[in-house]
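Q: Hey, I've just opened this one and I'm new to it. Can you walk me through it?

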Amino acid sequence: MLLHIALRKTTSGLTAAAVAAALAIAPVLTPVAPARAQENKGPAILRDTESEQLLREYTRPILRAAGLEKQNIQMVIINDSSFNAFVADGRRIFVNYGAIMQSETPNQLIGVLAHETGHLAGGHLSTSCASNWHRRRPR
């Protein structure tokens, strides 16, 4: 529910700051997979069950419409404050926590998830968009 609270317009600045702090310290409290931690490769991953579940709920109807509902697509939150999301393989959507925190409404984040689902459905893996619209803060 932390993500849901952070995305509501009526949320006070103090609550948003608390959510941001919780997401920022999550890597300290929840270790990344041991192999990745030892190799120190790839982005730092944040683990928050409630936020991941909410992202899955947002993405479920989009995946169904794209014909990917049975593909077991995972949602991965990256410890990066920039507004960005990407797909790097055929089974995971990576969302920076910055995209979550900077989205002013749930629909802005849902639009980003739909965009990334389009990459999965089209087989566009590990490529950057020509427009890079998802790297900019939506207005």
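A: Sure, one term up front: two strands pair if DSSP finds at least two bridges between them. With that in hand, there's an open sheet of four strands in the order E1-E2-E4-E3, with mixed pairing.

Q: Which strands stand at the edges?

A: Strand E1 (45-46) and E3 do; each has a single partner strand, so one side of each is left without a neighbour in the sheet.

Q: Hang on, what am I looking at, and how are residues numbered?

A: This is a predicted model, where local features need pLDDT of at least 70, side-chain atom pairs count only at pLDDT 80 or more, and totals for chains, interfaces and linings use all residues. Residues are numbered from 1 along each chain as its sequence is written, and side-chain values use heavy atoms, with hydrogens and water left out.

Q: Cool. How many helices and strands are in the chain?

A: Six helices and four strands, running α-α-α-β-α-β-β-β-α-α from the N terminus on. Helices (H or I, at least four residues) and strands (E, at least two) are DSSP runs, numbered from the N terminus.

Q: Back to the sheet: which way do the strands run, parallel or antiparallel?

A: E1 and E2 run antiparallel, joined by two bridges, and Leu 46 stands opposite Ile 77 in E2. E2 and E4 run parallel with five bridges; there, Gln 74 stands opposite Arg 92 in E4. E3 and E4 pair in the antiparallel sense over four bridges, and a hairpin joins E3 to E4 through two residues.

Q: Is E4 mostly covered or mostly open?

A: Mostly covered, with four of its five residues buried. Buried means under 20% relative accessible area, exposed over 50%, and partly exposed in between (1.4 Å probe, protein chains only). For the chain, 35% of the 139 residues count as buried.

Q: What about Ile 93, which residue is its bridge partner?

A: Ile 93 in E4 is the bridge partner of Val 87. Leaving aside neighbours within four places in sequence, Ile 93 is in contact (heavy atoms within 4.5 Å) with residues including Thr 59, Met 75, Phe 86 and Leu 113.

Q: Which residues have the most contacts inside the largest nonpolar core?

A: Leu 55, Ile 93, Val 95, Leu 109 and Leu 113, in a core of 22 residues. A nonpolar core is a set of buried Ala, Val, Leu, Ile, Met, Phe, Trp, Tyr and Cys residues joined through side-chain atoms within 4.5 Å. The elements giving two or more residues to this core include helix H4 (49-65), strand E2 (74-78) and helix H6 (106-122). H4 supplies the largest share, five residues.

Q: So tell me about H4. Where does it bend?

A: At Thr 59, by about 40°, and a proline, Pro 61, follows within four residues. The bend is the angle between axes fitted to the seven residues ending at a position and the seven starting there. Among the buried residues of H4 are Leu 55, Tyr 58, Thr 59 and Ile 62.

Q: Anything to look at after that helix?

A: Just after H4, Gly 67 takes a positive phi of about 75°. Then Asn 72, in the loop between H4 and E2, has a positive phi of about 55° although it is not a glycine.

Q: Is Asn 72 buried or exposed?

A: Exposed, with a relative accessible area of 63%.
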